[in-house]
Amino acid sequence: MQVALARIAHGRSSKSVLMVGLRGVGKTVLLDRMREDAEAAGYRTMRIEAPESRSLPAMLAPQLRLTLLNLSRVEKAKDLAVKALRGLAGFATALKMKYEDIEVGLDFEPEKGLADNGDLEHDLQALFETVGAAAQIAETILAIFVDELQYVAEDELASLITALHRTSQRGLPVVLVGAGLPQLAGRMGRAKSYAERLFDFPSIGPLSPEAARIAVEKPANDEGVSFEQAALDKIIQKTQGYPYFLQEWGKHVWNAAAKSPITASDVDAASQSAIAALDESFFRVRFDRLTPSEKKYLRAMAELGPGPHRSGDIADALERTVTSLGPTRSSLITKGMVWSPNHGDTAFTVPLFDEFMHRIMPDADWRRL
Ligand SMILES: Nc1ncnc2c1ncn2[C@@H]1O[C@H](COP(=O)(O)OP(=O)(O)OP(=O)(O)O)[C@@H](O)[C@H]1O
Ligand SMILES: [Mg+2]
């Protein structure tokens, strides 16, 4: 990412980066670190998190406004930044009919004909061009950091891709750094077939056993505490190297152990409290947002194991047809609970969710629920 930003700062082209991975692998941590680094390098950044139910223009507009107000304080960039603020005024006003959730302060009168068609694809392109021109003359770049990008509607994603394509073709210094669940890559491709030429999709996964060991052991060592090898092996096995789980196990084993070195039986005690804590928070918040039929669908997947699973096998486990389960599967994808690694396959987006489903719905006849 540092190389990509430096290339763009030198007026060269570079692909935007969209990190994809399951829940709790560290995408947000990485995104924020990249943003800090970008700020430290003197670039302009914006940070947006896409919630499930807000439109892209509503998310972008207030952040763009702040960025532009900031740029307008750079003497050379003032005129173009003000022009872009006029563009933003036209953009927000024209799209207000369609996207009622747009709320943004208007500092200047709209400029007739600038980003005010009322068509998102067209207007976002025009807006990004003026914003890019302002950043260019200010001799900086604008890096837009968007988390949870999989929640953005496909037609809005398409507009975003088109706008970035345009700035990239014109050599303007605007770049997107995004993060999302694994379904993001497919959504981008469906939104615009040329998306793969504009973006890299590095996949973020669990840590290797060696990296997981360091993540747990080093902070303890720094406090003068060590681990028995068997204790570390057990933590790595229980967490499967997923960063968020390593963090939880690290915390609970630290509290459970009476003295150094930390032993395997300390880990056993910690596992119980770590799992209880995860069940109450990490897993539970997701489970509580599900309808009864969605819960049953996920329970059927868990019955088959960690996955991915064929849609036909899930349907068989539920004694239903694949077609009749289509709507349930779609709504689970929309909620970000499952994704499709390959056509006809379904996998959990939350690591170890299958084990949780067994714990929360242990009833032998959950099918009749
Ligand atoms: N590099 C890291 N150093 C320390 N802790 C980390 C690191 N990466 C991840 N973690 C731990 O894992 C947790 C989850 O990371 P993060 O929130 O970035 O995951 P995520 O991939 O964004 O998950 P989600 O899809 O649920 O948003 C963090 O709160 C932190 O506890
Ligand atoms: Mg995150």
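## The surroundings of ligand 1

In this predicted model, ligand 1 has 13 residues around it, and those that come nearest are Gly-24, Lys-27, Thr-28, Val-29 and Gln-247; a residue is near a molecule if one of its heavy atoms lies within 4 Å of it. The residues of this shell divide into five nonpolar, four polar and four charged, where Ala, Val, Leu, Ile, Met, Phe, Trp, Tyr, Cys and Pro count as nonpolar, Asp, Glu, Lys and Arg as charged, and the others, Gly among them, as polar. Helices α2 (27-40) and α11 (243-256) each supply at least two residues of the shell, and such elements are DSSP runs numbered from the N terminus, with helices (H or I) of at least four residues and strands (E) of at least two.

Polar contacts, which are pairs of N or O atoms within 3.5 Å (within protein, one atom must be able to donate a hydrogen and the other to accept it, and residues adjacent in sequence count only if both atoms are side-chain atoms), link ligand 1 to several residues, among them Lys-27, with an N or O atom of its side chain 2.8 Å from an oxygen atom of the ligand. A backbone N or O atom of Gly-26 lies 3.0 Å from an oxygen atom of ligand 1, and a polar side-chain atom of Glu-148 lies 3.4 Å from an oxygen atom of ligand 1. The protein covers 66% of the 630 Å² of accessible area that ligand 1 has on its own, with areas taken from the Shrake-Rupley method and a 1.4 Å probe.

Where does ligand 1 sit? Ligand 1 sits in the largest pocket, in the sense that more than half of its atoms lie within 2 Å of the grid points of that pocket. A pocket is found on a 1 Å grid over the protein atoms alone, as an open set of points where a 1.4 Å probe fits, with protein on both sides within 12 Å along at least five of seven lines.

## The protein as a whole

The protein has 16 helices and eight strands, and its C-alpha atoms fill a box of roughly 70 × 55 × 35 Å along the principal axes. Of its 369 residues, 49% are buried; buried means under 20% relative accessible area, exposed over 50%, and partly exposed in between, with a 1.4 Å probe and protein chains only.

One residue to look at is Ile-235 in helix α10 (residues 229-239), which counts as buried at 0% relative accessibility. Ile-235 and Val-216 are 19 residues apart in sequence, and their C-alpha atoms are 8.6 Å apart in space.

## Backbone features in the loops

The peptide bond from Ser-260 to Pro-261 is cis, with omega near -5°, and Pro-261 belongs to the loop between α11 and α12 (264-287). Another cis peptide bond runs from Gly-307 to Pro-308, with omega near 0°, and Pro-308 lies in the loop between α13 (292-304) and β6 (309-310).

Glu-139, although not a glycine, has a positive phi of about 60°; this residue is in the loop between α5 (120-137) and β3 (142-147) and is exposed, with a relative accessible area of 64%. Gln-240, also not a glycine, has a positive phi of about 50°, is found in the loop between α10 and α11, and counts as partly exposed at 42% relative accessibility.

## Basis of the values

Residues are numbered from 1 along each chain as its sequence is written, while chains are lettered from A and ligands numbered from 1 in the order in which they are written. Local features need pLDDT of at least 70 and side-chain atom pairs count only at pLDDT 80 or more, whereas totals for chains, interfaces and linings use all residues, and side-chain values use heavy atoms, with hydrogens and water left out.

Key: On a 1 Å grid over the protein atoms alone, a cavity is a set of points where a 1.4 Å probe fits but cannot get out, and a pocket is an open set with protein on both sides within 12 Å along at least five of seven lines; lining residues have an atom within 4 Å of a point.
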